[in-house]
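Q: Could you take a close look at the nonpolar interior of this structure, and then lead me outward from there to the parts around it? I am in my first year, so please take it step by step.

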Amino acid sequence: METHRTILVANQQGVHGRVATMLAKIAVAYDGEVLLQYKNEIVSCCSILDVLSLGLTQGSEIKVTAHGEKAEETLDKISQILTSATDPQPDN
Amino acid sequence: MHTQPSKIIQGIGVSPGIIIGKVVVIKRQTCRPGWYQLPPEQIQQEVQRFKDAVGGAEQELLSLRKYFTDDLADALSIIDSHVLILKDRMIVEQTIQIIEQNNVNAEWALAQSLSQIQAKFDKIPDPYIKDRYSDVKHVADRIYGLLFGQDPYQLIQGDEPVVVVANDVSPEDTIRLHKENILAFLAEKGGQTSHTAIIARSLNLPAVVGLEYITGVLQTGDEVILNGTTGEVVVRPTAEQKEQYQEYSLHNRVRDEELAYYTHLNSETIDGYTVRLSANIEVTEELPNVLQNGAEGIGLFRSEFDYFHGVSHPCEEQLYATYKELLATMAPHPVTVRTLDVGGDKLMHYLSQNYSHMDDERNPALGLRSIRFSLYESQLFATQLRSLLRASVHGRLRILLPLVSSLNELYQTKAILRNIMSDLEQEGASFTPKVELGIMVEVPSAVILADVFAKEVDFFGIGTNDLIQYSLAIDRNNQFVAHMYDPFHPAVLRMIKHTVDAGHAQGIPVSVCGEMAGDLLCAPVLLGLGVDELSMRPPVLPHVKRLLRHSRYDQLHELAQDVLLCVDGRQAREFLASYFSQYYPREIRSS
């Protein structure tokens with residue numbers, strides 16, 4: 001199954017090292033595929049470098065798409081990270 | 001024999017210890033990749049060689065990860081991001097594709113991938129995210145090291161322990177170095193509050209950073225003497241200098257043993273006059289050192305670290321955790337937290353508003369900074385004050401406002417505090433309602449209005465560094481006028497006296513937290529002027545306490561009156577030197 005969501009980046013610092021790390025970790029652990037679209041660029045969320053290079057700052061509007069099993073659940077996790085104004089603590 | 005002469009270079013001492021040893025210079029540019037063509041039948045072998053290097057680098061990172069306990073979340077997150085970068089398709093798949101399509105060696109292919117990544121990062125407008133390219137470089141350096149079959153740090157293989165000299169030492173390098181036969185390290189980049197510095201201190205690895213061009217000045221095999229406390233580095237020392245340092249080092253050991261005796265005695269004079277000796281710190285990692293040196297409180301906590309460091313931006317919870325740790329560790333002693341003391345140019349990446357134009361400020365020292373900046377970015381300020389208030393129940397908190405120059409700034413801050421308190425009350429959160437609030441007296445207008453301010457605050461903290469700079473109109477970093485920066489300038493001493501007298505007239509304590517407080521010639525004069533608290537770098541505390549315990553207050557008071565009459569710093573210093581050689585010869589000589 002495929003599902004998508006439009007999300008406004010809320011992190012005050014934008015999608016920086018720690019946030020990108022958490023996003024990529026989720027995408028890598030996911031069996032399906034997660035894509036981020038910002039303006040005209042679409043990248044795989046598995047690539048931390050691609051995610052960083054979008055240069056997402058607070059207020060950027062992005063479209064997140066997930067293909068595969070448990071797509072909704074994965075989108076929930078990702079949007080939770082992107083919509084919290086402060087850094088969530090990583091779960092180690 | 002070296003033909004090049006000995007010289008002394010001043011860096012930033014970030015992790016204490018005096019070391020004499022030979023250096024190994026690590027130059028990253030030795031890893032610059034060449035290009036060569038491969039016959040088609042060797043391509044798969046080359047791809048495998050690259051994959052092995054990536055796999056090896058990953059194993060290294062994973063094994064370093066074990067060095068950090070879970071409470072070092074920032075450090076763990078850095079390593080995790082390096083693992084992800086290492087395995088990123090833009091590194092791995094891209095490089096393999098270049099090898100296969102062009103029949104070239106892995107080093108060159110990796111360099112091509114990197115320049116593509118760099119081109120992408122160059123286009124990122126946000127400076128903070130753009131700066132993550134430095135992580136990509138750190139990761140690529142590890143792959144190169146393994147491809148070349150040599151670890152740059154494997155140069156360090158002799159039996160003799162050495163001092164490592166490098167351009168930039170990453171936190172991971174620091175841990176790695178710690179496992180090798182290393183005495184200390186010197187680096188061109190870095191500062192007191194970098195992650196690398198913190199890790200070096202926690203591993204007891206002496207280090208001096210901020211040494212520009214040091215990898216060019218030194219060659220492998222050269223000898224150095226370094227002092228991780230003062231930041232002094234003697235390059236290619238003469239036999240005489242080595243002897244001096246060995247003697248100094250021995251002398252220091254003897255003195256340290258003696259000083260240890262003072263750390264847990266009361267800070268009082270022979271005739272029973274008590275003052276508070278407290279510590280200036282920047283990070284909570286310094287707390288063990290603070291307690292070890294017998295500080296009776298934190299006289300100045302510079303709160304900027306949380307704003308500059310970590311991949312994380314300081315949310316209320318992060319700040320709260322820092323302040324809670326400070327207060328709980330130091331209780332029942334007071335902890336003085338100075339609110340954010342910077343300009344917006346330093347915090348660009350947090351703020352919706354762009355302050356990059358502040359680089360062009362003609363007079364940054366007179367610009368939008370410290371309390372002015374906090375009141376301008378009131379949301380940021382409110383978050384800091386809110387976390388301070390919430391932490392206030394864990395110990396004795398004193399809030400110190402920097403660069404206050406008018407009453408209005410104080411009133412505005414009080415209004416913000418009142419709002420936060422009523423919010424907290426509504427939320428049912430606990431806090432100390434009568435939290436102590438003070439101002440830094442560091443602008444001449446605050447000195448002149450000290451009697452008025454004294455009625456409005458609970459304490460004064462005199463910041464002598466800025467007070468001297470602002471009253472004498474001297475920029476200490478300007479080499480042409482730096483010599484005129486003079487703590488014993490009679491105008492400076494009178495301003496301190498005026499502030500102390502005004503504070504005491506209203507019954508509030510006055511502390512000094514600039515460099516003067518920890519200077520063995522200045523400290524007695526400050527005490528003689530009636531200062532109630534001296535706050536200094538932790539290692540200096542026992543020295544000042546020893547001096548204090550050998551002094552009589554009436555004599556210090558008289559001494560201060562005499563120094564007030566000196567016409568300039570030179571006269572004051574000469575007078576003090578002769579006075580002390582008469583009364584406290586040991587205290588001054590061994591400083």
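A: In this predicted model, B:Leu534 touches, beyond its neighbours within four places in sequence, the residues B:Arg276, B:Leu277, B:Ser278, B:Val512, B:Ala517, B:Ala523, B:Leu526, B:Leu527 and B:Val544. B:Leu534 belongs to the largest nonpolar core, a set of 97 residues, and together with B:Phe460 it is one of the two members that touch the most other members. A second core, separate from that one, has 67 residues, among them B:Ala57, B:Leu86, B:Ile96 and B:Val136. In soluble globular proteins, nonpolar side chains tend to be buried together.

The chain that holds these residues can be described as a whole before we return to single places. Chain B has 591 residues, of which 55% are buried, and its secondary structure consists of 25 helices and 16 strands. Of the contacts in chain B with a separation of 6 or more, 68% are between residues 24 or more positions apart. Its exposed surface is about 26300 Å², and carbon and sulfur atoms supply 50% of that area.

One pair of residues gives an example of positions separated along the sequence: B:Tyr261 and B:Pro542 are 281 residues apart in sequence, while their C-alpha atoms are 8.7 Å apart in space. B:Tyr261 lies in helix α10 of chain B, and it counts as exposed because its relative accessible area is 57%, which is over the 50% cut-off. The structure holds eight aromatic pairs over all chains, and one of them joins B:Tyr261 to B:Tyr262, with ring centres 5.2 Å apart and planes at 80°, so that this pair is edge-to-face. B:Tyr262, in contrast to the exposed B:Tyr261, is buried, because its relative accessibility is 7% and the limit for buried is under 20%.

Another edge-to-face pair is formed by B:Tyr579 and B:Phe580, whose ring centres lie 5.5 Å apart and whose planes meet at 85°. Both of these residues are buried, B:Tyr579 with a relative accessible area of 13% and B:Phe580 with 0%. Ring pairs also bring in B:Phe575, so that B:Phe575, B:Tyr579 and B:Phe580 are linked into a cluster.

Some places in the backbone of chain B also deserve a careful look. Most residues other than glycine have a negative phi, and most peptide bonds are trans. B:Tyr213 has a positive phi, near 65°, and it sits in the loop between β6 (207–209) and α9 (214–217) of chain B, where it is exposed with a relative accessible area of 60%. B:Arg236 has a positive phi as well, near 45°, and it is found in the loop between β8 (232–235) and α10 (239–262) of chain B; B:Arg236, however, is buried, at 8% relative accessibility. The peptide bond between B:Ala331 and B:Pro332 is cis, with omega about 5°, and B:Pro332 belongs to the loop between α13 (316–330) and β11 (334–338) of chain B.

From chain B we can now cross over to chain A, and B:Ser81 offers a place to do so. B:Ser81 is part of helix α2 (residues 73–86) of chain B, it is buried at 9% relative accessibility, and, apart from neighbours within four places in sequence, it is in contact with A:Thr21 and A:Ile48.

Chain A has 92 residues, 53% of which count as buried, and it contains three helices and four strands that follow the order β-α-β-β-α-β-α from the N terminus. Its four strands form an open sheet in the order β1-β4-β2-β3 with antiparallel pairing, where β1 (2–8) and β3 (41–44) are the edge strands, each pairing on one side only, and the twist averages 20° from one strand to the next. Inside this sheet, β2 (residues 33–38) and β4 (residues 61–67) of chain A pair in the antiparallel sense over five bridges, and A:Leu36 has A:Val64 in β4 as its bridge partner. Of the contacts in chain A between residues at least 6 apart in sequence, 76% join residues at least 24 apart. The accessible surface of chain A is about 4100 Å², and 47% of it belongs to carbon and sulfur atoms.

Definitions and conventions:
Residues are numbered from 1 along each chain as its sequence is written. Chains are lettered from A and ligands numbered from 1 in the order in which they are written. This is a predicted model: local features need pLDDT of at least 70, side-chain atom pairs count only at pLDDT 80 or more; totals for chains, interfaces and linings use all residues. Side-chain values use heavy atoms; hydrogens and water are left out. Helices (H or I, at least four residues) and strands (E, at least two) are DSSP runs, numbered from the N terminus. Buried means under 20% relative accessible area, exposed over 50%, partly exposed in between (1.4 Å probe, protein chains only). Contact means heavy atoms within 4.5 Å. A nonpolar core is a set of buried Ala, Val, Leu, Ile, Met, Phe, Trp, Tyr and Cys residues joined through side-chain atoms within 4.5 Å. Accessible areas come from the Shrake-Rupley method with a 1.4 Å probe; for residues, only the protein chains shown count as cover. Two strands pair if DSSP finds at least two bridges between them. Axes are lines fitted to C-alpha atoms, for helices over the stretch in contact, and angles run from 0 to 180 degrees between N-to-C directions. Rings of Phe, Tyr and Trp (its six-membered ring) pair if their centres lie within 6.5 Å; planes under 30 degrees apart count as stacked, over 60 as edge-to-face and the rest as tilted.
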